[in-house]
Amino acid sequence: MEPFRYHAYVCTQVKPDPEAPSCSNRGGQKVLEALRAELGKAGLAEKVQVTNCGSLGLCTRGPNMVVYPEGVWYSGVQVEDVPEIVSEHFAGGRVVARLANQDPAALKAELLENRHEALAKLKAAQEAQGK
Ligand code: FES
C-alpha cells in the first residue's frame with residue numbers, strides 16, 4: 001500500500017574527495033530541483049514523492065535516479081531530461097528507455113562490482129591507518 005503512485009529517489013551524494021565521481025559533481029542537486037519544479041507545473045506533486053538520497057552505486061554514470069514501484073533505474077539524467085521523464089513516466093506511465101538501465105542482471109552485476117571495489121578501498125584505507 002503506497003501513499004503515492006510513484007516514489008523517485010534522486011542521488012545527490014557529495015563525496016569527501018571532490019574529484020571522486022559523484023552525482024553531485026554531475027548536477028544531481030539541479031536534477032532534483034528541476035524534478036520537483038516540473039512535477040509541480042504538471043500538477044503531479046501529490047502523485048509523486050521525491051526524495052534525495054545518498055549513493056546508489058553507479059557513481060561514474062550519474063546523476064542517477066530510481067523510480068518505484070517499478071524499480072526503474074535512470075542514469076545520466078540531466079536537467080534537460082526532466083520534462084520528458086515527467087511527461088512520459090510520471091504522467092504517461094511509460095519508461096524513458098534511452099535513460100533507463102534495461103538489463104537488470106547487468107545492472108546488478110555492476111552494482112555488486114562497484115560495492116566490492118568501494119569496500120576494498122575502505123579496507124585498504126583502514127589498514128593504512130593501522131585499524
Ligand atoms: S554518487 Fe550518486 S550513485 Fe554514487
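1. Start with the contact pattern. Among contacts in the chain between residues at least 6 apart in sequence, 63% link residues at least 24 apart. Keep in mind that this is a predicted model. Of the chain's 131 residues, 27% count as buried, and the C-alpha atoms fill a box of roughly 55 × 30 × 30 Å along the principal axes.

2. Now the layout. The chain has three helices and four strands, and reading along the sequence you get β-α-β-β-β-α-α.

3. S1 is a good place to begin with the strands, since there are two pairings to look at. With S2, S1 pairs in the parallel sense, over six bridges. Between those two strands the chain passes through H1, and this β-α-β crossover is right-handed. If you want residues to click on, cysteine 11 stands opposite cysteine 53 in S2, and tyrosine 9 stands opposite threonine 51, also in S2.

4. The other pairing is with S3. Here S1 runs in the antiparallel sense, over four bridges. Valine 10 has methionine 65 in S3 as its bridge partner. Both residues come up again in the next point.

5. On to the core. The largest nonpolar core has 24 residues, of which Ala8, Val10, Val31, Leu35, Met65, Tyr74 and Val82 touch the most other members. Two or more residues come from each of S1, H1, S3, S4 and H2, and H1 gives the largest share, five residues. As background, nonpolar side chains in soluble globular proteins tend to be buried together.

6. Which residues does valine 82 touch, leaving out those up to four places away in sequence? They are Val31, Ala34, Leu35 and Glu38. Val31 and Leu35 are also on the list of core residues that touch the most other members, as is Val82 itself.

7. H2 (82-91) is worth a closer look. Its buried residues are Val82, Ile85, Val86, His89 and Phe90. They cover an arc of only 110° around the axis, so they sit on the same side of H2. What do they pack against? The partners are strand S1 (6-11), helix H1 (28-41), strand S2 (48-53) and strand S3 (65-68). After H2 comes glycine 93, with a positive phi near 75°.

8. A word on the loop before H2. Glutamine 78 sits between strand S4 (72-74) and helix H2. Is glutamine 78 buried, exposed or partly exposed? It has 13 other C-beta atoms within 10 Å, which means that glutamine 78 is partly exposed; the exposed class takes 12 or fewer. Its C-alpha atom is 9.5 Å from that of asparagine 64, with the two residues 14 apart along the chain.

9. Finally, H3 (residues 104-128). At 1.5 Å a residue, its 25 residues should span 36 Å, and the end C-alpha atoms are 36 Å apart, so the expected and modelled lengths agree. How many of the 25 residues of H3 are buried? The number is zero, so H3 lies largely in the open. For H2, by contrast, the buried residues include Ile85 and Phe90. Just after H3, glycine 130 takes a positive phi of about 75°.

Conventions:
Residues numbered from 1 in each chain as written. Predicted model: local features only at pLDDT ≥ 70, side-chain atom pairs only at ≥ 80, totals over all residues. Expected span 1.5 Å × (residues − 1). Buried ≥ 20, exposed ≤ 12 C-beta atoms within 10 Å, placed from the backbone. Arc of directions from axis to C-beta. Contact = placed C-beta atoms within 7 Å. Pairing = 2+ DSSP bridges. Right-handed = clockwise from strand over helix to strand, strands pointing away. Core = buried A, V, L, I, M, F, W, Y, C linked by C-beta atoms within 7 Å.
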